[in-house]
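I am opening a new notebook page for this model. I will take the chains one by one, then the contact between them.

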Amino acid sequence: MSDGPRIAVVTFPGSNDDGDATLALELLGAAPVRVWHAETALPEGTAGVVLPGGFSYGDYLRCGAIARFAPVMEAVSAFARAGGPVLGICNGFQILCEAGLLPGVLRQNRQQQFICADVTITVESTASAFAGTWKVGQELVIPIKHGEGNWYGDADLLAPLEARGQIAFRYADDVNGAVGRIAGVTNEAGNVLGLMPHPEHAVDPLLGPTGGVAVLEGLLDAARVSVAH
Amino acid sequence: MKATVLIRPKEGILDPQGEAVGEALRTLGFAVTSARVGRLVDVELETDDPAEAETALAAMSRDLLANPMIESFTIEIGDDA
């Protein structure tokens with residue numbers, strides 16, 4: 001087993017990118033640990049958490065609305081409050097927004113269609129714990145696959161996010177109607193990151209673009225710092 | 001007692017589903033200027049006390065049934081609900 005940082009990958013009923021997230025983290029040298037949603041604690045030595053993509057609870061009510069009440073989410077919230085790095089991908093991003101750990105909400109795509117495509121996103125801010133090696137303006141090609149990825153926050157919410165550098169990524173092109181073409185945001189402390197694109201699907205050149213490496217490496221960097229403290 | 005919670009997209013909030021429904025209705029020849037699509041949740045509560053029910057329904061609407069950032073909700077209580 002890898003001696004890299006231990007990353008808890010949470011599986012909710014209906015998660016379906018937990019396996020790919022685990023494989024991608026292994027590929028990058030992390031030691032991922034699968035965690036079932038009904039657990040009330042994270043594994044000992046957890047240095048980072050991934051909430052993966054999928055359709056938790058069938059997307060019933062609103063995407064992520066029910067998963068935020070899963071037993072494991074209290075432990076994830078406590079981990080985040082203590083400064084531990086948490087990465088939410090797609091449905092994981094939706095869950096973090098519903099849980100209030102990230103600002104805003106993901107609405108239905110403006111065009112009413114599920115979109116599955118490789119898209120270019122741009123690093124907008126290096127203010128977070130994930131951004132040690134990122135450069136503002138850096139372009140990453142990463143696939144998206146979502147029906148509800150249209151990030152929304154009103155002007156009162158958005159202005160301070162922009163000012164504090166909490167907009168992590170923007171889509172190069174408007175793909176789903178998201179306010180400000182926002183593809184990913186962080187919390188104010190910079191230790192919780194959510195994005196709609198799927199970095200775990202973009203780490204192996206054999207399978208296409210590799211823009212996901214920088215994002216997941218960002219999590220690993222943040223996790224190494226989190227362990228050191 | 002029985003109750004119904006109606007959840008609607010807030011005014012001014014983009015509602016792609018409502019727009020698609022409105023467009024479909026116009027295609028069918030109905031003179032529709034706008035349609036908005038919300039959600040309805042019928043709830044049966046253990047309590048028979050309307051005030052207690054109202055408090056509980058407001059809390060469950062805020063916590064789970066609606067996302068106050070983009071949705072509003074109204075509560076109807078009673079057997080007619």
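**Entry 1: chain A, overall**

I started with the spread of chain A. Its radius of gyration is 16 Å, and a compact globule of 229 residues would have one near 17 Å, so the two agree. I note here that the model is a predicted one. Next I took the extent of the C-alpha trace. Along the principal axes, chain A spans about 45 × 35 × 35 Å.

I then listed the secondary structure. Chain A has 5 helices and 11 strands. I checked burial too: 57% of the 229 residues of chain A count as buried. For contacts, I looked at pairs at least 6 apart in sequence. In chain A, 76% of these join residues at least 24 apart.

**Entry 2: the core of chain A and helix α3(A)**

Which residues touch the most other members of the largest nonpolar core? I found Ile7(A), Val49(A) and Leu96(A), in a core of 77 residues. Helix α5 of chain A, residues 212–228, gives the most to this core, with 7 residues. I keep a general remark beside this: in soluble globular proteins, nonpolar side chains tend to be buried together.

I followed Leu96(A) further. I left aside its neighbours within four places in sequence. Leu96(A) is then in contact with Leu51(A), Gly88(A), Leu101(A), Leu102(A), Val192(A) and Gly194(A).

Leu96(A) is one of the buried residues of α3(A), so I turned to that helix, because 8 of the 8 residues of α3(A) (91–98) are buried and the helix is mostly covered. The buried set also includes polar and charged names: Asn91(A), Gln94(A) and Glu98(A) are among them.

What covers the buried residues of α3(A)? I noted four strands of chain A among the cover: β3 (48–51), β4 (86–89), β5 (105–107) and β11 (192–195). After the helix I checked the backbone. Gly100(A) follows α3(A), and its phi is positive, near 80°.

**Entry 3: chain B, overall**

I moved to chain B. I counted 2 helices and 3 strands. Read along the sequence, they follow the pattern β-α-β-α-β. Chain B is more spread out than a compact globule, because its radius of gyration is 15 Å, well over the 12 Å that the globule rule gives for 81 residues. The C-alpha atoms of chain B fill a box of roughly 45 × 25 × 15 Å along the principal axes.

I looked at burial in chain B as well. Buried residues make up 15% of its 81 residues. Of the contacts in chain B with a separation of 6 or more, 65% are between residues 24 or more positions apart.

**Entry 4: the sheet of chain B**

I traced the strand order next. The 3 strands of chain B form an open sheet in the order β2-β1-β3, with antiparallel pairing. β2(B) and β3(B) stand at the edges with a single partner strand each, so one side of each is left without a neighbour in the sheet. The twist averages 20° from one strand to the next.

I went through the pairings. Strand β1(B), residues 2–9, is joined to β2(B) by 6 bridges, and the two run antiparallel. In this pair, Ala3(B) stands opposite Val43(B), and Val5(B) stands opposite Val41(B). Helix α2(B), residues 50–65, packs on the sheet and touches β1, β2 and β3 of chain B. The direction of α2(B) makes about 155° with that of β3(B).

On the other side of the pairing list, β1(B) and β3(B) (71–77) pair over 7 bridges, again in the antiparallel sense. Pro9(B) stands opposite Glu71(B) there.

**Entry 5: one loop residue of chain B**

I picked Ser34(B). Ser34(B) is found in the loop between α1 (16–27) and β2 (39–44) of chain B. Is Ser34(B) buried or exposed? I counted 10 other C-beta atoms within 10 Å, so Ser34(B) is exposed. I also took a distance to Ala53(B). The two are 19 residues apart in sequence and 33 Å apart in space, C-alpha to C-alpha.

**Entry 6: where the chains touch**

Last, I looked at the contact between the chains. It takes 11 residues from chain A and 9 residues from chain B. The side of chain A that touches chain B divides into 4 nonpolar, 4 polar and 3 charged residues.

Notes. Residues numbered from 1 in each chain as written. Chains lettered and ligands numbered in written order. Predicted model: local features only at pLDDT ≥ 70, side-chain atom pairs only at ≥ 80, totals over all residues. Rg over C-alpha atoms; globule rule 2.2 N^0.38 Å. Buried ≥ 20, exposed ≤ 12 C-beta atoms within 10 Å, placed from the backbone. Contact = placed C-beta atoms within 7 Å. Pairing = 2+ DSSP bridges. Core = buried A, V, L, I, M, F, W, Y, C linked by C-beta atoms within 7 Å. Nonpolar A, V, L, I, M, F, W, Y, C, P; charged D, E, K, R; others polar. Axes fitted to C-alpha atoms, helices over the stretch in contact; angles between N-to-C directions.
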